[in-house]
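Colleague: I would like a close look at a single part of this model, the loop that carries a residue with an unusual backbone angle. Please start there and then work outward.

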Amino acid sequence: MKLIKQIKLYFQEGNSDKVYEIDLCESGDGFLVNFRYGRRGATLKEGTKTIFPVDLQEANKVFDSLEKEKRSKGYSTEGEPMAVFNKPTKGSKDNDRRKKAILKILKNAVDGDEPENWPLARVFWRAGELNIQEAIPFIQKLVDQSDDISVYSAVWAIGKCGNSSSVTFLKSLQQKQNCPQYLREIISEALFKISDLAERKTTGESLLAILPEHIMKLLQLEDYSGLDIQLKELLFKTQSSSNEYLSSIYRLSHDNNELKRILSGIINDVPLTYNYFKHIRHIFKMAEMWEDYEIFGIVAKNIDKHSPGPYSDKGAFSSKTKRYLSARILRSLRRLGEANASTYKEMACGVLLAFDDSKDGKPSYHRSTYTYVYNKQTKRHDVIETKTYFDTNAIYRAFNFILFQNSPRYTLGPNGWQCISPYMPVNEAPSQREEAFPELWNNAVKEIIRLLSFSKASQVHEFALKVFKSNPEFANQLTTENIVDFLNTSFEITRKVGLEEAMKVYNKANPDTQLLLGMLQSPLQEASEQAIQWIEEQKQIFINNSEFITELIFIRNPFIQTKVRSLLVSANIPNEQAEIVIGKILATIIKTEGKSEDDQQFVIHAGQALLDIFKNHLDFIGTDIIRDLLQHRSPEVHAIAGSILVYKKLNPELIPGDLLQALLKSENKKARTAGIELLGRFSETSLIEKKELLISFCLSPLADVRNAVKPIIAKLTKAYPAFGNELIDLFVPAFLMKETYEGLHQDLLSLLTTELSNNLSVINKNQSLFLLNSKFRSAQQLGAALLKLTIREEDLSMAELVKISSNPNEEVRKYAWNYYNNNHSKIKENKEEALRIVDSDWEDTRNFAFDYFRNIFKQEDWSADDLIALCDSTRETVQNFGKEMITKFFKSEDGDEYLLKLSQHPDTRLQLFTSSYIETYASGKPDVVEKLKPYFITLLSQVNKGKAAKMRAMEFLRKEALKDESIAQIASEILNRVSGSMAITEKAGCIAALRDIRKKYPSLQNLVKVVDYSEYVKK
């Protein structure tokens, strides 16, 4: 057979994913039409529509007829939008038949003919689900008050669709003794729902009275921010043993939107664990009864989201409970959808709105299963991995049922909603609609707009936009508020639709300012840019709208704030208009609490806009408004008050003292700076009267205050030099104490050396040097400044200069170096004191000194005592310099002095240096050797030190002893004394020297005894 043409058709619905392939093939002289069908990916069953070959015309007719038949059942080709074929939607006639059937069952039951296969409790519940109000009288007659399940179902149905005529019946149930708690709760809830306003108010007061006392007080005060904090504290931190109050709070929330908002957030965070779940479950059932699908959706989401606990207690969130509730939610949705009930859309909308990608979604993932297939060729088992992919919200059954019941890419599996191969989470979504009950959504304009406005889940926006775009008439029902909501969602796809709709409805002849403001606040840059363009095109029209200008300034988008400010700065705003806007801005700023960072940034922006745009219109602002601004809890508002006072054209001395003090004491830096700037505008006469205040500013713990007061100090000391001298006398002692605030000394130093520099002459030399040598760095810096500005070189002694050369401040040390370089004759005149610079604690000063004396001092400038003094230093570098100078300028006549004086130094390096002079200046001189006796004893007694010097000394003593008996006597005494403390490696030389001395001078006593032995002969 030869294939002529082929078509592959696909069908997906729920868990069904089928394929149908049709072939037209040439066979001999005729043609055949064959087909294959089955589940996608599985082995397909085969068949034929032409058992025997037919001509081409007939074959084409059969082929087309079969394709048409399959398409009529919902099949389509790959990539082609798939027609959504749900189960036939029950119309109003079906609903009427269902309602009549349930009423008939109830009526027959009243007559004594109860249904055999459908318990009456379930009939009650079903009547409530379908809102059959006519069923309530029958239910009240049929309820079995001895059966708690029957009572519960009847009460739920009455609460769902009953009215005040059932109050007496419910109260009779309420008075029943031994009524379980869960029944009491649902009876109370149903009563509360069907009661009139007066009765509900009375019930509300009794509910309020049984709440925890601090919760009750916060509700009475309508302190909802405090209530939110306290409820979370009670639920999540204190974790009281009973959370019964949750049901009462839920009941009260039906008539209190703020309480409802708080409760929604709390229920979203409540864990489904012991001591929490039974109350959440009760609220869940009550929410369904009230058709409160916001709370219902939150709990429904959390049932799928939270893992069950290892509980066996009745009422705990176990695996069994999780499965039951999850299935019940799906059953309720499906029943409402099949019944074509409008409440399906509302319930589904509530479920979808509960989801937030940032909190509830998790990354897509896959699970692998492995199949082992025996390979005959390799005689091994091959491992075949099959990956099942799951998208971000795969675990949520109701969510996925609503969005993807008819999807070609998802199906419900044992572990959640899984991807249908070959679709993967990274693939692009199909263009066709995928939701359950699409016909219901085609009539759900209100719900679709709500989802696009408020949903925080991307999959919900994808779904809602498909419905919105496939129903063009939906756009006609959009209000400006809806479009603004679209523009400000979290998802760009919806924001772009919002911009498209805004472009359609905007009318330049009658511009919608609400729409413009919404566009400006949108995260979509194209929207804000378009709005700016429209405003610029008709700027003068908008400038005449004070309300709109105010709203523009209040936009909390940094990019738009900058654009708006530049737009309005160049605008010519009339005085009357400006005053209106300024008043509104100030009123809003005063009302803003300023607790959050966003509020603080808003206040800063609004204040800056006020000053940039209306700086020429601020004179009308009175002191009462300024006082209100300064009394605000936010320091940022104080800065605005200060800036207004600075900009206002008035005599600062007329500003009330309390306003000036409030500015100067503000926590805000700009406010304090403004206060000091205003103070600086006072006349010099007024300022000198406030000198104590100015002095306190100079010593303020706040750095900005200390710096801001400097110009005032400069101005005042110029007019009153005595005041500058007074400040010098006051501040200089502060440098000799530990600073009370970080940075105080540095700021005072800047003040003294800049603004008060002309007054520094009052500090004498001794004070300056005392500061220079202080342990505080800032005092040293002040001393350094005084050294340059007020001290003459000729007034400094050499000792003071040497001390200066060791100052921690490099500039100060260089001052001393420069003095040395510029005053050679004075240095040589005071040589003994000047040489002390080489012993400075600072290496750079020592290096300078070494170079200086190498280059400037000649041989005639040095004496033996000078050079020996250098060697007497404890610093190795100074010793080396001394040895270098001795070697360079050595005079033989000073040899004895070098030998005797240097020999007294304990350092081994100097001892080695000294040993080089022994042979020349001590040989044959018993009196010199006698004087060197301490040197030899010290040198030879050291352990593991001065090996070379020891060898020189030992050899010198041995040789000189053999020449002169008097020296031999001294040597014997030295060697006898040190022999006991010598290291074993050095002791042999000592013994050998004593032996030679004993042999030469037998009469001299020493520790060595010489014994002669006869020659040993080996036998």
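Modeller: Start with lysine 379, which sits in the loop between β5 and β6. Keep in mind that this is a predicted model. The phi of lysine 379 is positive, near 60 degrees, and the residue is not a glycine. Is lysine 379 buried or exposed? Its relative accessibility is 64%, so lysine 379 counts as exposed; the cut-off for that class is over 50%.

Now the strands on either side. β5 covers residues 365-375 and β6 covers residues 380-390. They pair in the antiparallel sense, over eleven bridges. One bridge can be picked out by its residues: histidine 366 has tyrosine 389 in β6 as its partner. The two strands form a hairpin with four residues between them, and lysine 379 with its positive phi belongs to that hairpin. As background, side chains in a regular strand alternate between the two faces of the sheet.

Another hairpin follows further along the chain. Strand β7 (residues 410-413) pairs with β8 in the antiparallel sense, here over four bridges. Threonine 411 has glutamine 418 in β8 as its bridge partner. The link from β7 to β8 is a hairpin of two residues. After β8 (416-419) comes the loop that leads to α19 (438-441), and proline 422 is placed in it. What is the form of the peptide bond from serine 421 to proline 422? The bond is cis, with omega near 10 degrees.

Helix α18 spans residues 397-404. Seven of its eight residues are buried, so α18 is largely enclosed by the rest of the structure. The buried set is Ala398, Phe399, Asn400, Phe401, Ile402, Leu403 and Phe404.

Step back to the chain before β5. Asparagine 340 also has a positive phi, about 55 degrees, and is not a glycine. Asparagine 340 lies in the loop between α15 and α16. At 31% relative accessibility, asparagine 340 counts as partly exposed. The two flanking helices pack against each other: α15 (residues 319-338) and α16 (residues 342-353) make an angle of about 145 degrees, and their axes are 7 Å apart. Their crossing is left-handed. On the α15 side the contact is made by Ser332, Leu333, Leu336 and Gly337; on the α16 side by Thr343, Tyr344, Met347 and Ala348. By class, the residues of this contact are five nonpolar, three polar and no charged.

Next, some sites elsewhere in the chain. Serine 522 is in the loop between α24 (513-521) and α25 (525-537). With 2% relative accessibility, serine 522 counts as buried. Beyond its neighbours within four places in sequence, serine 522 is in contact with Leu487, Asn488, Arg495, Ala527 and Asn557. Glutamate 833 is 311 residues from serine 522 along the chain, and their C-alpha atoms are separated by 80 Å.

Leucine 751 is part of helix α40 (residues 744-755). Its relative accessibility is 2%, so leucine 751 counts as buried. Setting aside residues up to four places away in sequence, leucine 751 touches Cys698, Lys710, Ile713, Phe731 and Leu756. Isoleucine 713 is 38 residues from leucine 751 along the chain, and 8.6 Å separate the two C-alpha atoms.

Helix α50 (residues 895-902) has Gly895, Tyr898, Leu899 and Leu902 as its buried residues. Why do these residues lie on the same side of α50? They cover an arc of only 95 degrees around the axis, which puts them there. The general rule is that an α-helix has 3.6 residues a turn, so residues three or four places apart point the same way. The buried residues of α50 pack against α48 (864-871), α49 (876-888), α51 (908-922) and α52 (926-931).

Last, threonine 985 lies in helix α56 (residues 984-1000). Its relative accessibility is 69%, so threonine 985 counts as exposed. Leucine 227 is 758 residues from threonine 985 along the chain, and their C-alpha atoms are separated by 90 Å.

To return to the starting point: lysine 379 lies in the loop between β5 and β6, and lysine 379 counts as exposed.

Key:
Residues numbered from 1 in each chain as written. Predicted model: local features only at pLDDT ≥ 70, side-chain atom pairs only at ≥ 80, totals over all residues. Heavy atoms only, no water. Axes fitted to C-alpha atoms, helices over the stretch in contact; angles between N-to-C directions. Left-handed = near helix turned anticlockwise from the far one by under 90°. Contact = heavy atoms within 4.5 Å. Nonpolar A, V, L, I, M, F, W, Y, C, P; charged D, E, K, R; others polar. Buried < 20%, exposed > 50% of the residue type's maximum accessible area, 1.4 Å probe, protein only. Arc of directions from axis to C-beta. Pairing = 2+ DSSP bridges.
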